[in-house]
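Here is an informal walk through one protein chain, with an eye on its sheets and its aromatic side chains. Keep the viewer open as you read.

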Amino acid sequence: MLSTKKIKASPQSPTQLVSLSSADMIASNDDILTLILHRLPLKSLLKFKTVSKHWLCLITHPTFRPHHNSRAISGLFVCRLSDITNPKYDFLNLTPHSSRAPFKSLTFIDDSSGIKILQSCNGLLLCCSFRSNRLDTTYYIYNPTTKHYTVLPPPRHSSSGYYSFGVSLAFDPSKSPHYKVICIRNYDPELLDHYQVEIYSSKTGPWRPSGRPFVAPSNVQFENGVFWNGAIHWVSDWGDSLCFDVEEEQMRDIPMPSGDGDVRLYRYFGESGDHLHLVEVYGSDNLQFDVYEMERDRSGWFVKYQVDLNPVAAAFPEMVRGYADPIDLHSYAFSILCVVHEETDEGSFMVLHLPNKAIRYNFNDNSFRKLHDFAPLRSRVGVGGDSSLEFEYFDAYQFIESFACV
């Protein structure tokens, strides 16, 4: 029979009967305690790590995985252009409750050349130093939730005079606590279309070459890799695109939508909620377009959402350029920062960047609302003035709360 002890009531609380032996039993049973901790939100777990060394050990164990949506996007980091050697980041909160920005600049390590984000992947950030010489670039993996980071060893080719065309992160916490980093480098300085894959694994360690050199068109955007469904994907300006299966270590072609011309005018290419999306916009009247989603077997694309931004342009007349931009041929100023696939289609939405602001556009009912005001800065997209834009999709990085070890 369990023993109990009466606690004398205070003026603020009624008399309670507390079973000390039951509490002791739970505290001493790691299985029961772990089940309880599993059901707590990540912010509570961060606080409970300081309760005791025993709790810290349980929560930080590689096999500990909280029961929450590990793919839910809490916000976006958007890179400002105020200081290219030490970029600042605006934070766009995508949750219904207020939330502080995890950081405004990357200062987790003292790198004299400054640090920028290259890619976000399921809670981890792939970052690099701002050195002008690509051979001297330092790469980092950073978890903005736990504030932990690791410095990657330099790729094997760095000391040989070869350079990277793109470095990408592959991490799927639902399958493994470990991550891999994929580097695409030139194979021979005299053969511009010949490349070599190198892989770094957080489990096995050093960089190593993967397979034989391969040939790829120069229009493949290796610097903007997207990890989805076990592979890194790269979009091309025309023709088929490429993906690299991380487990099988095989490079494959992937088909693309037919488009309306010889050159692909894509405005967005990214992953959310384990779905890969693509947006192509053609013509000067660019307010109506489709959002494509890739088939799970990568056999092709289908139209997932149909978008009509005419009501948005009516509400925000600063979108209207009054001319066709000589670069992107669009007469309305907007860019797509992120397509967010929620657990239900009714909640899925898109984050748009308009001049000096960001808005949230709901796919289900075409409703929209302002998310964020940007302080005016010099423009990157467009030709300047009030109609200019500052960001594209590759300037926005997902923030997903994660306990992943780096």
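Two strands count as paired here if DSSP finds at least two bridges between them. With that in hand, take strand β7 (residues 139-143) and β8, which pair in the antiparallel sense over four bridges. Bear in mind throughout that this is a predicted model.

**The chain as a whole**

The protein chain has five helices and 25 strands. Of its 406 residues, 48% count as buried. If you look at contacts in the protein chain with a separation of 6 or more, 46% of them come from residues 24 or more positions apart. On the outside, the protein chain exposes about 20,000 Å², and carbon and sulfur atoms supply 52% of that area.

**Two four-stranded sheets**

Back to β7 and β8: they belong to an open sheet of four strands, ordered β5-β6-β7-β8, with antiparallel pairing. Which strands stand at the edges of this sheet? They are β5 (115-121) and β8 (148-151); each has a single partner strand, so one side of each is left without a neighbour in the sheet. From one strand to the next, the twist averages 25°. For a landmark in this sheet, find isoleucine 141, which stands opposite threonine 150 in β8.

Further along the chain, another open sheet of four strands runs in the order β21-β22-β23-β24, and its pairing is antiparallel. Its edge strands are β21 (335-340) and β24 (368-373), each of which pairs on one side only. Here, too, the twist averages 25° from one strand to the next. β21 and strand β22 (residues 349-354) run antiparallel and are joined by five bridges. Across that pairing, valine 340 stands opposite phenylalanine 349 in β22.

As a general point, strands of a sheet pair through backbone hydrogen bonds, either parallel or antiparallel.

**Following the aromatic rings**

There are 23 aromatic pairs in the structure. One of them brings together phenylalanine 77 and phenylalanine 91; this pair is tilted, with 5.5 Å centre to centre and 45° between the planes. Phenylalanine 77 is in strand β3 (residues 75-79) and phenylalanine 91 in strand β4 (residues 89-93), so the pair links distant parts of the chain, 14 residues apart.

Phenylalanine 91 has another ring partner, phenylalanine 399. Their centres are 5.9 Å apart and their planes are at 70°, so this pair is edge-to-face; the cut-off for that label is over 60 degrees. How far apart in sequence are the parts that this pair ties together? With phenylalanine 91 in strand β4 and phenylalanine 399 in strand β25 (residues 396-399), the answer is 308 residues.

Are these three rings buried or exposed? Residues count as buried under 20% relative accessible area, and the table gives the values.

| Residue | Relative accessibility | Status |
|---|---|---|
| Phenylalanine 77 | 0% | buried |
| Phenylalanine 91 | 11% | buried |
| Phenylalanine 399 | 7% | buried |

These phenylalanines are part of one aromatic cluster formed by Phe77, Tyr89, Phe91, Phe103, Phe108, Tyr140, Tyr142, Tyr149 and Phe399.

The strands around the tilted pair are worth a look as well. β3 and β4 run antiparallel and are joined by five bridges. In this pairing, valine 78 stands opposite aspartate 90 in β4. β4 is mostly covered, with four of its five residues buried.

**Charges over rings, and a buried lysine**

Two arginines are also worth finding in the viewer. Arginine 360 lies over the face of phenylalanine 349, at 3.5 Å from the ring centre. Arginine 267 lies over the face of phenylalanine 334, at 4.8 Å from the ring centre.

Finally, have a look at lysine 180, which is found in strand β10 (residues 179-188). Why does lysine 180 count as buried? Its relative accessibility is 17%, and the cut-off for buried is under 20%. Which residues is lysine 180 in contact with, leaving aside its neighbours within four places in sequence? They are Ser168, Leu169, Ala170, Ile199, Tyr200, Ser201, Val246 and Glu247.

Technical notes. Residues are numbered from 1 along each chain as its sequence is written. This is a predicted model: local features need pLDDT of at least 70, side-chain atom pairs count only at pLDDT 80 or more; totals for chains, interfaces and linings use all residues. Side-chain values use heavy atoms; hydrogens and water are left out. Rings of Phe, Tyr and Trp (its six-membered ring) pair if their centres lie within 6.5 Å; planes under 30 degrees apart count as stacked, over 60 as edge-to-face and the rest as tilted. Buried means under 20% relative accessible area, exposed over 50%, partly exposed in between (1.4 Å probe, protein chains only). A charge sits over a ring if NZ of Lys or CZ of Arg is within 6 Å of the ring centre and within 35 degrees of the ring normal. Axes are lines fitted to C-alpha atoms, for helices over the stretch in contact, and angles run from 0 to 180 degrees between N-to-C directions. Contact means heavy atoms within 4.5 Å. Accessible areas come from the Shrake-Rupley method with a 1.4 Å probe; for residues, only the protein chains shown count as cover.
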